[in-house]
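Here are some exercises to work through with the model open. Try each task before you read its solution.

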Amino acid sequence: MYLANLFKHIALVFRHKSLVFVHCTKCGLFWRGLVHDTSKFSREELFESAKYFKGYRSPIGVCRQETGMSRAWLHHKGRNKHHLEYWYDFDCEIQPLMPYKYAVECICDKLAATKTYNGKSYTPDKALWHWEKYGRRTPANPKTLAFMDRVFADLAEHGEKFILNKKYMKKTYEEICL
Ligand SMILES: [Zn+2]
C-alpha cells in the first residue's frame, strides 16, 4: 500500500509540475516552470507525502490533521519562493513584497493545484474561491495579496487566456506592486 502510494504521489507531482510548467511558460517564465517544486523529491517531503497520500487532496493537509503538523510543509515553504509563507518575516510591520517571478509562479501553482484536485469539476471561479477561503488569510505584504486578489478575480471573470500571458502579468504587477 505504502509503495503504491509512493508511486501514485510521484505521478501526481509530475502531473502537477507539467501543468505549472505550461502555465509558467505562457507567462514567459520557462525556468520557474521547469524547477517548480523540485524539493518535493527530497526525503523530508517525499516520504511523508507518500504516507498521507489521498489523491484528491494535499497529503500535507492530511498529515497536519492527523498529527498536528507537517514537517514536509515546513521543509517545503522554507525553500520554495513561490509560497507566500516563504516571504513571512517575524515581527515586521509590513511583510516583504513577493518578487514578480515568484508571484506569477504562485498563481500558476495555485491554478494547477485547483485543476488537479477538482478534476472534471474544475471551473475558473474555483481558483478564486480557494484563494479567498485559504490563501488570502496568509500574513503577507498587502500589495502581494492585492495582486493575487486581482489576478484570481480576472481569472474567474475573463478566463485563463486573459491572465496567462506575460503582458497581463507584467502590467498588473506593475500597477499594484510597484
Ligand atoms: Zn510548492
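**Exercise 1.** Work out how many helices and strands the protein chain has, and how compact the chain is.

Solution. Start with the DSSP runs, numbered from the N terminus (H or I over at least four residues for a helix, E over at least two for a strand). They give 10 helices and 0 strands in the protein chain. Before going on, note that this is a predicted model: local features need pLDDT of at least 70, side-chain atom pairs count only at pLDDT 80 or more, and totals for chains, interfaces and linings use all residues. Residues are numbered from 1 along each chain as its sequence is written.

Next, take the radius of gyration over C-alpha atoms and set it against the globule rule, 2.2 Å times the number of residues to the power 0.38. The radius is 16 Å, close to the 16 Å the rule gives for 178 residues, so the chain is as compact as a globular protein of that length. Along its principal axes, the C-alpha trace spans about 50 × 40 × 30 Å.

**Exercise 2.** Find which residues touch the most other members of the largest nonpolar core, and which helix supplies the largest share.

Solution. Pick out buried residues, those with 20 or more other C-beta atoms within 10 Å of their own (12 or fewer is exposed, in between is partly exposed; C-beta atoms are placed from the backbone). Overall, 30% of the 178 residues count as buried. Now join buried Ala, Val, Leu, Ile, Met, Phe, Trp, Tyr and Cys residues through C-beta atoms within 7 Å to get the nonpolar cores.

The largest has 29 residues, and Ala103, Ile107 and Cys108 touch the most other members. At least two residues each come from α1, α6 (100–118), α7 (124–135), α8 (142–158) and α10 (166–177). The largest share, 8 residues, is from α6. Apart from this core lies another one of 5 residues, including Tyr52, Phe53, Cys63 and Trp73.

Zoom in on Ile107: leaving out residues up to four places away in sequence, Ile107 touches Met148 and Val151 (contact here is C-beta atoms, placed from the backbone, within 7 Å).

**Exercise 3.** Locate Gly28 and decide whether it is buried, exposed or partly exposed.

Solution. Gly28 sits in the loop between α1 and α2 (30–35). Count the neighbours: 15 other C-beta atoms lie within 10 Å, so Gly28 is partly exposed. Finally, check Lys101, 73 residues away along the chain: the C-alpha atoms of Gly28 and Lys101 are 9.4 Å apart.

Notes:
Contact = placed C-beta atoms within 7 Å.
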